[in-house]
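Reader: I would like a close look at a single helix and at what packs around it. Could you take me through that part carefully, and say which terms rest on which cut-offs?

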Amino acid sequence: MFKFTLEDMVIIFLQRLLWLVALVVAQMMVFNNVHIFGYATPMPYVYLLLLFPLGTQRWLILLWGFFCGLLCDVVSLTTGIGAAAMTLAAFVQPPLLRLMAPKDAAEDMHPSFSTMDFWPYVRYAAVVTFVFCAAYFLLQSFTFFHILDLLIAFLSSWLLTLLVCVAIEGVRGGRKKSL
Amino acid sequence: MRALLDFIVRYYHWFLFLALEGLSLVLLFRFNHYQSSVWLTTANTVVGHMDTWQQQALRYVNLGKENQELMRRNLVLEYNISLLTDQLAKLTHDSTFTERRQAERFDSLNMIPARIVTNSVLYRNNFLTIDVGERDGVQPEMGVVCGTGIVGIIYMTSDHFSIVLPLLNSRSHISCRLRGTGYFGYLKWDGRHPMYAVLDDIPRHAHFKVGDIVETSGFSNVFPPGIFVGKVSAIENSDDGLSYKLFVHLGTDFSRLQNVAVVAQEFQPEVKALEERADSLAAKN
């Protein structure tokens with residue numbers, strides 16, 4: 001499908017690994033300590049999934065998502081929750097991107113403001129982070145008993161996560177550098 | 001096979017997704033007490049509900065068989081109840097103190113059971129016929145009793161039948177005493193009420209009261225001593241004024257009499273022969 005050389009693949013792998021480490025460290029050092037009003041905690045490591053271009057093999061995204069979630073679980077002491085939520089988000093990312101990409105998009109389009117425009121990208125990021133946060137908070141509470149608390153925590157964290165993701169994308173896109 | 005392989009290759013991401021999610025959930029439940037406890041209770045509740053539904057369905061299917069079993073059981077129980085009711089009736093019927101004492105006393109005697117063939121209570125001189133005779137060992141002068149008291153004395157016998165001179169006959173007189181005191185007299189019937197007889201010749205210095213028990217004295221050797229006859233119901237002076245005349249409410253209801261027993265006293269013939277010899281000696285002198 002794609003004609004990457006081994007060198008390209010190693011570079012792409014190392015770039016993704018760098019993103020992963022950076023996001024996990026940021027999560028551990030910064031975002032895990034953010035609890036706005038006791039509810040909202042941003043989890044922007046889902047941004048890693050937003051980076052994968054159109055046409056990426058699904059097993060690759062699933063594995064990246066799973067291991068990224070697992071790593072964050074290890075540093076956040078939430079074993080399994082992040083991994084499960086990230087795996088689900090990684091599962092829905094390719095069809096969502098296919099759905100929301102512009103009609104004339106390249107076969108290996110990298111999602112960004114420049115390739116998708118601002119609002120379509122925000123919409124795409126919103127859906128992926130929504131799926132991730134929904135799965136995450138459902139697994140964490142594991143009950144609908146305190147449904148109001150659950151909803152507040154979920155919605156506020158989702159919006160905060162989306163905000164951080166869009167901000168990261170803005171910073172990255174501002175440098176006009178595609179992954 | 002090829003189609004299967006194609007299917008797996010085509011949807012491999014589904015299998016990978018499910019495997020990774022499964023692994024995540026295993027980790028989740030393995031390392032998080034809260035989720036694992038909730039999971040276990042939820043799973044148990046679900047399993048419990050499913051078990052309940054299954055049991056209900058099975059019970060419904062088995063209703064026919066259970067119904068049959070219940071019906072069979074019901075029949076057995078009803079049969080048992082009828083048996084027990086009979087036994088209870090027998091036991092409670094015989095349970096008054098007097099009746100039990102009477103039964104114990106009768107147990108120690110040589111009894112010949114008999115049934116009443118003809119009976120009357122209407123006349124001044126009544127007679128009974130019973131279905132045992134000399135072939136059964138019945139002799140004249142033997143006593144006849146029933147479960148509630150005395151009946152009378154054998155008057156005549158044939159091979160298979162006997163005629164009883166009951167208490168309700170003006171010629172009957174039976175030696176009786178007041179239980180516990182030893183004062184005795186002769187029980188006669190005044191021909192009036194079949195439930196009452198008169199005990200004569202009780203001395204004036206005797207102490208007793210209405211309700212005292214009258215029993216056989218054993219002096220005549222017809223009845224063994226101590227068999228219940230009745231209770232004192234009224235006290236009068238005798239015609240000559242020298243003794244008391246007691247009205248006795250009899251224990252035996254002659255108008256309902258059906259089953260009786262002849263009392264065979266072991267030494268009765270010997271005693272009778274001795275008395276006859278004494279009489280003849282007295283006559284000679």
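Author: Helix α3(A) has 19 residues and reaches 27 Å from its first C-alpha to its last, close to the 27 Å expected at 1.5 Å a residue; the expected span is 1.5 Å times one less than the number of residues, and helices (H or I, at least four residues) and strands (E, at least two) are DSSP runs numbered from the N terminus. This is a predicted model, in which local features need pLDDT of at least 70 and side-chain atom pairs count only at pLDDT 80 or more, while totals for chains, interfaces and linings use all residues. Residues are numbered from 1 along each chain as its sequence is written, and chains are lettered from A and ligands numbered from 1 in the order in which they are written.

The buried residues of α3(A) include A:I61, A:L62, A:W64, A:G65 and A:F66, and further along A:L70, A:L71, A:C72 and A:D73; a residue is buried if 20 or more other C-beta atoms, placed from the backbone, lie within 10 Å of its own, exposed if 12 or fewer, and partly exposed in between. Among the elements that cover these buried residues are α1 (6-29), α2 and α4 of chain A, together with α2 of chain B. Just after α3(A), A:L77 takes a positive phi of about 55°.

One of the residues of α3(A), A:G65, is touched by A:A89, which also touches A:V46, A:L49, A:V128, A:V131 and A:F132, not counting residues up to four places away in sequence; contact here means that the C-beta atoms, placed from the backbone, lie within 7 Å. A:A89 is also, with A:V46, A:A85 and A:F132, among the residues with the most contacts inside the largest nonpolar core, which has 50 residues; such a core is a set of buried Ala, Val, Leu, Ile, Met, Phe, Trp, Tyr and Cys residues joined through C-beta atoms within 7 Å. α3 (58-76) of chain A supplies at least two residues of this core, as does α2 of chain B, although α6(A) gives the most, with ten residues.

The α2 helix of chain B also belongs to the contact between the chains, where 14 residues of chain B meet 15 residues of chain A. On the side of chain B that touches chain A, α2(B) provides the largest share, eleven residues, and α2 (12-31) and α3 (33-61) of chain B each supply at least two.

Technical notes
Two residues are in contact if their C-beta atoms, placed from the backbone, lie within 7 Å.
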